[in-house]
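Good morning, and thank you for coming. I should like to take you through one protein chain, beginning with a single residue and working outward from there.

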Amino acid sequence: MLGVLPAPCIFQRCLLAAPALRTACKLPACEAGINSQLRFGISNFPFINKRQSRHRSMASTQASKPAWLGPTSRILLGSSSKSRRGIMDELAAELGFSYECASADIDEQAIRHEDPHQLVRQLAAAKADAIASRLASQGTAPSGLLITCDQVVVHRDRILEKPRDEAEARVFIRGYASAPASTVGSVMVTDLETRASACAVDVTTIEFSAIPEASIEALIEEGEVFWCAGGLMVEHALVAPHIVRMEGGMDAVMGLSKATTLRLLQQAAQR
């Protein structure tokens, strides 16, 4: 997925590089690149439904230094995903906290389930267990709130995970024009001291027009698609112009819903 972006907005890259989206959203081109201070709301995306836009606006309003977030609160993100870290950077900047990163390094293929909701829940739990156990083995009692996540794409009733090779990536990306794709993503927050946890699953649906073959080859050449469930990179400048409609938040599509993460962190902190 998309690499870590500057704090202003995770949507900059796709709008700055995609004239079609800039035109649709009535935003000027930005010659300064992604480091500009361009700001806009999710409601400016014509393909996102209005109900979701209202939901995201409410979530943004509520994200203002919650009382439960103390100065010594320790938060860890158990993910090596660049896009999740970019979203977490935004959330940390909005709420005024810092966080640490850890990687689970588990064999995800060893965990299987035919229900995508259960699969992503089990994978998030396995990642939390692996990180918590590793921290405990370092000789100090682990503390803090650990966030772990997982995501799959469901397309034509098939669960799509990270493409195994170029051929599979081509099949995945070409296929999205034939039927809507859904992302099913879990967010789990675990109290490292008590091992108590809470988990939620976000589902989004995206409809695409055909993505040109040249764009597909360029995506494969870049290589980031191999780190994304279903090879799906909705935020990429080569993909974003082909989004016809989206139901759900862009952050959830990219693997980490801010609203869900904030809610679970608050629940865990107030126990």
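Let us start with Leu77. Leaving aside residues up to four places away in sequence, L77 touches R84, R85, M88, Y99, E100, C101, A102 and I147. Please keep in mind throughout that this is a predicted model.

Where does L77 lie? It belongs to strand β1, which covers residues 75–78. L77 is buried, because its relative accessible area is 0%. One of its contacts, C101, is partly exposed, as its relative accessible area is 39%.

I147 deserves a closer look. L77 and I147 are 70 residues apart along the chain, yet their C-alpha atoms are separated by 4.9 Å. I147 is also the bridge partner of L77 in β3. The two strands, β1 and β3, run parallel and are joined by four bridges.

That brings us to strand β3 itself, residues 145–155. How many of its eleven residues are buried? The count is eleven of eleven. Both faces of the strand are covered. On one side we have L145, I147, C149, Q151, V153 and H155, and on the other L146, T148, D150, V152 and V154.

Strand β3 has further partners. With β5, residues 181–191, it runs antiparallel, and eleven bridges join the two. Within that pairing, V154 stands opposite S182. With β4, residues 158–160, strand β3 is again antiparallel, here through three bridges. In this case H155 stands opposite R158.

The hairpin of β3 and β4 has two residues between the strands. Of interest here is the backbone. Most residues other than glycine have a negative phi. In this hairpin, R156 takes a positive phi near 50 degrees. D157, which lies in the loop between β3 and β4, also has a positive phi, near 65 degrees, and is not a glycine. D157 counts as exposed, because its relative accessibility is 78%.

A further example is D105, a residue other than glycine with a positive phi of about 55 degrees. D105 sits in the loop between β2, residues 100–102, and α5, residues 116–136. Its relative accessible area is 66%, and it is therefore exposed.

Let me return to β3 for the cysteine at position 149. Is C149 buried or exposed? It counts as buried, because its relative accessibility is 1%. As for disulfides, two cysteine sulfur atoms must be within 2.5 Å to qualify. The closest cysteine sulfur to that of C149 belongs to C199, 9.0 Å away, and is therefore too far for a bond. For the model, the count comes to zero disulfides.

Next, the nonpolar interior. The largest nonpolar core has 48 residues, and those with the most contacts inside it are I75, M88, F97, I147, Y176 and F208. Helix α4, residues 82–95, gives the most to this core, with five residues. There is also a second, separate core of eleven residues, which includes L76, A132, L146 and M188. As for I75, if we again set aside residues up to four places away in sequence, it touches L69, M88, F97, S98, Y99, E100, L145, I147 and L265.

I turn now to the open and enclosed spaces. The largest pocket has a volume of about 880 Å³. Which of its 32 lining residues are closest to its centre? They are E108, K127, D150, K162 and W227. The elements that give two or more residues to this lining are α4, β3, β4 and α6, the last of these being residues 166–175.

A search of the whole structure also finds two cavities of 30 Å³ or more. The largest cavity has a volume of about 40 Å³. Its lining is formed by Q151, G185, S186, V187, D202, A252, G255, L256 and S257. The largest share of that lining, three residues, comes from β5.

Finally, the chain as a whole. Its secondary structure comes to nine helices and seven strands. Of its 271 residues, 52% count as buried. Among contacts with a separation of 6 or more, 71% are between residues 24 or more positions apart. The contact with which we began illustrates this, since L77 and I147 are 70 residues apart along the chain. Thank you for your attention.

Methods
Residues are numbered from 1 along each chain as its sequence is written. This is a predicted model: local features need pLDDT of at least 70, side-chain atom pairs count only at pLDDT 80 or more; totals for chains, interfaces and linings use all residues. Side-chain values use heavy atoms; hydrogens and water are left out. Buried means under 20% relative accessible area, exposed over 50%, partly exposed in between (1.4 Å probe, protein chains only). Contact means heavy atoms within 4.5 Å. Two strands pair if DSSP finds at least two bridges between them. A nonpolar core is a set of buried Ala, Val, Leu, Ile, Met, Phe, Trp, Tyr and Cys residues joined through side-chain atoms within 4.5 Å. On a 1 Å grid over the protein atoms alone, a cavity is a set of points where a 1.4 Å probe fits but cannot get out, and a pocket is an open set with protein on both sides within 12 Å along at least five of seven lines; lining residues have an atom within 4 Å of a point. Grid points are joined across faces, edges and corners, and a volume is the space filled by probe spheres set on the points.
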